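Biologist: I'd like a close look at a single part of this one, not a tour of everything. Pick the piece you'd show me at the bench, tell me how it sits in the rest of the chain, and keep it in plain words.

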Amino acid sequence: MDTGFWIEKWQQRQIGFHEGRPNASLQQWFHAMRLAPGDHVFVPLCGKSQDLLWLLGQGVRVTGCECSPLAVNEFFAENDLRPQSREAASGHVVHDCGELSLWQGDFFSLPAAVLNDADGVYDRAALIALPPDMRQGYVQKFRQELRPGTPTLLVTLDFQRDPAACNNYQGPPFPHTDAMVQAQYRDFSSIRKLGQRDILANEPKFRAQGATSVYEKTWLIHR
Ligand SMILES: C[S@@+](CC[C@H](N)C(=O)[O-])C[C@H]1O[C@@H](n2cnc3c(N)ncnc32)[C@H](O)[C@@H]1O
């Protein structure tokens with residue numbers, strides 16, 4: 001599943017993951033990262049999430065990464081922001097707007113300096129976008145490039161589908177179980193589940209795909 005798959009999803013408006021408002025678990029648990037004003041938060045696979053603006057409102061600097069040019073352009077246009085854009089040596093197009101930078105391009109080829117400069121990571125719904133065989137490489141990049149002790153607030157989805165009701169559809173989204181999180185981050189210094197909420201009732205599109213349970217789970221992980 002390469003970036004072309006997602007670029008097409010955006011073109012086809014298949015963006016049911018976009019919440020259109022700041023995520024409730026981010027607002028509840030942001031404080032757990034214990035960041036200071038002016039600290040730098042990295043947001044992988046950020047889409048055009050309102051979480052970027054909510055984070056800026058907490059007084060931190062924010063860097064996001066998103067492969068879809070459409071998502072990035074919509075983010076700036078819908079929020080009436082006018083960034084300065086440049087091309088980085090890595091080939092990413094970097095859009096700078098005050099304390100926010102969006103790197104448009106592939107997360108996997110992002111220069112190591114970007115993660116190395118982060119004081120915290122806010123990750124919502126990135127791992128559910130990646131099939132299980134890509135997840136280890138994703139987590140490995142954080143393990144190699146984040147500074148020891150850097151906190152990650154991971155907001156992810158764990159769900160079950162009735163195979164008969166979804167014609168054996170595998171995803172995306174792909175479920176992210178507790179055991180998967182524990183295994184993927186086992187080389188990090190700490191992993192703690194902060195909470196979970198049952199969101200099945202609020203997720204008609206998941207129910208339409210045969211989901212019988214949907215939990216949004218929040219984890220605090222230190223590199
Ligand atoms: C499930 S969505 C989550 C978006 C966002 N975090 C949110 O909460 O709305 C996953 C996003 O990752 C982007 N994406 C997928 N693979 C990527 C990659 N390798 N590099 C950068 N962005 C990627 C997709 O275009 C999509 O916008």
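**The sheet and what sits around it**

Modeller: Take the contacts in the protein chain between residues at least 6 apart in sequence: 67% of them join residues at least 24 apart. Keep in mind that this is a predicted model. The protein chain has eight helices and nine strands. Its radius of gyration is 17 Å, close to the 17 Å that the globule rule gives for 223 residues, so the chain is as compact as a globular protein of that length. Along its principal axes, the C-alpha trace spans about 50 × 40 × 30 Å, and 36% of the 223 residues count as buried.

The part I'd pick is the sheet. It is an open one of nine strands, and if you walk across it you meet them in the order S3-S4-S5-S2-S1-S6-S7-S9-S8, with mixed pairing. Strand S3 (84–87) and strand S8 (190–198) stand at the edges; each has a single partner strand, so one side of each is left without a neighbour in the sheet. From one strand to the next, the twist averages 20°.

Now zoom in on one pair of strands. As a reminder, strands of a sheet pair through backbone hydrogen bonds, either parallel or antiparallel. Here strand S1 (residues 40–43) and strand S2 (residues 61–66) go the parallel way, over four bridges. If you want a spot to click on, Phe42 stands opposite Thr63 in S2.

S2 also takes you to the ligand, since S2 and helix H1 (3–11) each supply at least two residues of the shell around it. H1 gives the most, with three residues. In total, 22 residues surround the ligand, and the closest are Trp6, Leu45, Gly47, Cys67 and Phe107. What kinds of residue make up that shell? They divide into 14 nonpolar, five polar and three charged.

One last stop, by way of the edge strand S3. Asn79 lies in the loop between helix H4 (69–78) and S3. Is Asn79 buried or exposed? In between, actually: with 13 other C-beta atoms within 10 Å, Asn79 is partly exposed, because a residue needs 20 or more to count as buried and 12 or fewer to count as exposed. Asn79 and Lys48 are 31 residues apart in sequence, and their C-alpha atoms are 9.9 Å apart in space.

Terms used. Residues are numbered from 1 along each chain as its sequence is written. This is a predicted model: local features need pLDDT of at least 70, side-chain atom pairs count only at pLDDT 80 or more; totals for chains, interfaces and linings use all residues. Two strands pair if DSSP finds at least two bridges between them. Axes are lines fitted to C-alpha atoms, for helices over the stretch in contact, and angles run from 0 to 180 degrees between N-to-C directions. A residue is near a molecule or strand if its C-beta atom, placed from the backbone, lies within 6 Å of it. Ala, Val, Leu, Ile, Met, Phe, Trp, Tyr, Cys and Pro count as nonpolar, Asp, Glu, Lys and Arg as charged, and the others, Gly among them, as polar. The radius of gyration is taken over C-alpha atoms; the globule rule is 2.2 Å times the number of residues to the power 0.38. Two residues are in contact if their C-beta atoms, placed from the backbone, lie within 7 Å.
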